[in-house]
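Got your viewer open and a selection box ready? Here is a short walk through the model, one stop at a time.

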Amino acid sequence: RFKHDGTSLSLWLQSLATFCGYIFKKYTIELTGLLQYLANQLKVQKSLDLLVLKEVVQKMAGIEAAEEMTKEQLDAMAGGELLKGEAGYFSQVRNTKRSSQRLKDALTVDNLAVTLCLLMAQQRYCVIYRETEKSHLKLVGKLYDQCQDTLVQFGTFLGSTLSVEEYVNKLPSIHSQLAEYHIHMDVAFFLARPMFSHAINQKYDALRKAEPNSKKLSTATKTAKYCEAVAEVMGPVALSVRPLHPPKVWEDISPQFLTTFWSLTMYDLFTPTQAYDR
């Protein structure tokens with residue numbers, strides 16, 4: 001599966017992964033077996049075959065795992081789903097609605113979507129310390145990047161395909177990810193961001209409707225209610241991240257700042273007006 005020098009993946013494996021992506025998109029073939037195989041490989045700390053998952057998601061859902069992006073693409077990734085699809089990827093997304101639904105349906109079997117997500121998140125660190133102890137440094141970097149790229153691509157697919165309710169019900173909470181599954185904080189927050197937005201919006205609506213004359217609230221009152229909702233939702237999260245770092249860390253930044261930073265997306269921070277104008 002590797003080239004003779006042991007520094008990169010074989011071309012035949014890359015071609016096979018691309019073939020799998022095209023064949024599963026074009027024909028209605030049972031996907032569950034392949035997805036279960038990939039999960040089993042991750043369970044024994046082997047991430048090489050994630051290349052196949054990467055190609056399957058790219059071809060069937062139209063979501064790329066780009067290793068290098070131009071400035072224009074980065075700007076587009078801060079926009080909505082339409083802008084991402086039109087300007088955020090190198091290849092044009094075409095006719096992926098049916099194949100994307102088939103992939104989603106296959107991932108619901110035995111809750112494979114969550115299983116693959118959590119296993120990839122855990123595998124990122126196994127790549128360095130367990131999977132590739134005697135491998136060439138270049139190969140270690142390649143496998144780590146592949147695991148990271150596929151995780152982001154797969155998480156993006158789930159976030160865009162599942163409804164918010166499905167997403168919240170399927171994925172474990174941020175507390176479980178950090179404490180029980182021992183997932184690193186950056187990945188846990190990446191997976192939990194849609195949950196935060198949903199919980200904050202629900203809490204905000206409840207607080208707003210509890211006010212008399214809720215339909216005539218001033219902008220300042222709405223802002224105050226939203227801040228209150230954020231504090232209620234993110235407060236427990238801030239408490240859960242405190243034990244993850246030594247006390248010295250919290251002398252420079254607060255847990256609230258850290259959770260706020262990791263819970264925001266590019267879409268929250270920046271509006272790519274130039275990309276929309278183009």
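Keep in mind as you click around that this is a predicted model. The opening theme is ring contacts: the structure holds four aromatic pairs. Start by selecting F154 and F157, one of those pairs, which is tilted, with 6.5 Å centre to centre and 40 degrees between the planes. Show the cartoon as well, and you'll find both residues in helix 8 (residues 137-161), three residues apart, about one turn of the helix.

Now switch on a surface. Are these two rings buried or exposed? F154 is buried, with a relative accessible area of 0%, and F157 is buried too, at 1%; the cut-off for that label is under 20%.

Next, select Y204 and Y226. This aromatic pair is edge-to-face, 5.5 Å centre to centre with 70 degrees between the planes. Colour by helix and you can see what the pair links: Y204 lies in helix 11 (residues 185-210) and Y226 in helix 12 (residues 219-241), so the contact ties together parts that are 22 residues apart in sequence. With the surface back on, Y204 counts as buried at 15% relative accessibility, whereas Y226, at 36%, counts as partly exposed.

For a quick detour, pick K59 and Y22. Here the charged end of K59 sits over the ring of Y22, 4.9 Å from the ring's centre.

Last stop: the largest pocket. How much volume does the largest pocket have? About 1,400 Å³. To centre your view on it, select K84, T156, F190, R193 and T265, which are the closest to the pocket's centre among the 40 residues that line it.

Which helix should you highlight for the largest share of the lining? That would be helix 8, with eight residues, the helix that also holds F154 and F157. Then add helix 5 (81-87), helix 9 (164-170), helix 11 and helix 14 (266-269): like helix 8, each supplies at least two residues of the lining.

Try colouring the lining by residue class, and you get 18 nonpolar, 12 polar and 10 charged residues. Finally, recolour by domain: the lining draws at least three residues from domain 1 (11-171) and at least three from domain 2 (193-277).

How values were computed:
Residues numbered from 1 in each chain as written. Predicted model: local features only at pLDDT ≥ 70, side-chain atom pairs only at ≥ 80, totals over all residues. Heavy atoms only, no water. Phe/Tyr/Trp six-rings, centres within 6.5 Å; stacked < 30°, edge-to-face > 60°. Helix = DSSP H or I, 4+ residues; strand = E, 2+ residues; numbered from the N terminus. Buried < 20%, exposed > 50% of the residue type's maximum accessible area, 1.4 Å probe, protein only. Lys NZ or Arg CZ within 6 Å of the ring centre and 35° of its normal. 1 Å grid on protein atoms, 1.4 Å probe; cavity = no way out; pocket = protein on both sides within 12 Å on 5 of 7 lines; lining within 4 Å. Points joined across faces, edges and corners; volume = space filled by probe spheres on them. Nonpolar A, V, L, I, M, F, W, Y, C, P; charged D, E, K, R; others polar. Domains from an automatic or database assignment.
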